[in-house]
Amino acid sequence: SEIETNRITKQISQEETFARDVTDAKRLRAVILEQSEHVGAQLREQNFGAKTIAIKIRYKDFSTFTRQTTLPQPTDLDQPIFETAWKLFDSNWTRKPIRLIGVATRGLGPVVLQLNLFKPRDDRSEKLTRAVDAIRQKFGETKLKRASTLRSKKK
């Protein structure tokens, strides 16, 4: 029979396995930020919003766990993904050395915004995110980065 290549996307995620175990919170935060930006860009590219944000942590002894939370409404923006992922990570990290870390988005569907009668919608962050996407698409992923994600090159 014919092979079907159409698959339903159930989650979009990004993981990194470190060459050496990491205990530096600043570096882990930068990695989670990069992963959140990557996942957000994929969501926007595929016209998805995510209702659930998850993190995955694997320690030096290879014990692995995930934690997730559900958002009030779906998002495809980097900042809410990052803030949620960091909050999950920070409240669950035992300060043991980390071998792998990842950010995942689940519960994918269209981005539907619930308007608030008493608070006008501020779409500046959405416009900024779309502008950053356009720059990265035109000039490459590495041409525009947040300063906090830059890693020093130690000799």
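Mentor: Let's start with pLDDT, which is the predictor's confidence in each residue, from 0 to 100. We need that term here, as this is a predicted model. The chain has a mean pLDDT of 84, and 77% of its residues reach 70 or more.

Trainee: Thanks! Which elements have the lowest and the highest mean pLDDT?

Mentor: Helix α3, residues 124-139, has the lowest at 69, while strand β2, residues 49-59, has the highest at 96.

Trainee: And what is the pattern along the sequence?

Mentor: Reading along the chain gives β-α-β-β-α-β-α, which comes to three helices and four strands.

Trainee: Now the helix pair. Why is α1 called oblique to α2?

Mentor: Good one to work through. The axes of α1 (residues 25-45) and α2 (residues 78-92) come within 8 Å and cross at roughly 140°. Angles over 145 degrees count as roughly antiparallel, and 65 to 115 as roughly perpendicular. The value of roughly 140° fits neither class, nor the roughly parallel one, under 35 degrees. Therefore α1 is oblique to α2.

Trainee: Is the crossing left-handed or right-handed?

Mentor: The crossing of α1 and α2 is right-handed.

Trainee: Which residues in α1 meet which in α2?

Mentor: From α1 there are A25, L28, R29, I32, L33, S36, E37, G40, A41, L43 and R44, and they meet D78, I81, F82, A85, W86 and F89 of α2. Sorted by class, this contact has 11 nonpolar, two polar and four charged residues.

Trainee: Let me try a single residue. Q35 is found in helix α1, but how do you know that Q35 counts as buried?

Mentor: Compare the value with the cut-off: buried means under 20% relative accessible area. Q35 has 3% relative accessibility, so Q35 counts as buried. Leaving aside residues up to four places away in sequence, Q35 touches Q14, E15, E16, I101, G102 and V103.

Trainee: What makes T9 partly exposed, then?

Mentor: The same kind of reasoning. Partly exposed is the range between under 20% and over 50%. T9 has a relative accessible area of 31%, so T9 is partly exposed. T9 lies in the segment before β1 (11-22).

Trainee: What does T9 touch, not counting residues up to four places away in sequence?

Mentor: T9 touches Q46, F48 and L108. T9 and G107 are also worth a look: they are 98 residues apart in sequence, with 9.7 Å from C-alpha to C-alpha.

Trainee: And for the whole chain, how many of the 155 residues count as buried?

Mentor: The share is 34%. As for contacts between residues at least 6 apart in sequence, 77% join residues at least 24 apart.

Key. Residues are numbered from 1 along each chain as its sequence is written. This is a predicted model: local features need pLDDT of at least 70, side-chain atom pairs count only at pLDDT 80 or more; totals for chains, interfaces and linings use all residues. Side-chain values use heavy atoms; hydrogens and water are left out. Axes are lines fitted to C-alpha atoms, for helices over the stretch in contact, and angles run from 0 to 180 degrees between N-to-C directions. Helices (H or I, at least four residues) and strands (E, at least two) are DSSP runs, numbered from the N terminus. A crossing is left-handed if the near helix is turned anticlockwise from the far one by less than a right angle, and right-handed if clockwise. Contact means heavy atoms within 4.5 Å. Ala, Val, Leu, Ile, Met, Phe, Trp, Tyr, Cys and Pro count as nonpolar, Asp, Glu, Lys and Arg as charged, and the others, Gly among them, as polar. Buried means under 20% relative accessible area, exposed over 50%, partly exposed in between (1.4 Å probe, protein chains only).
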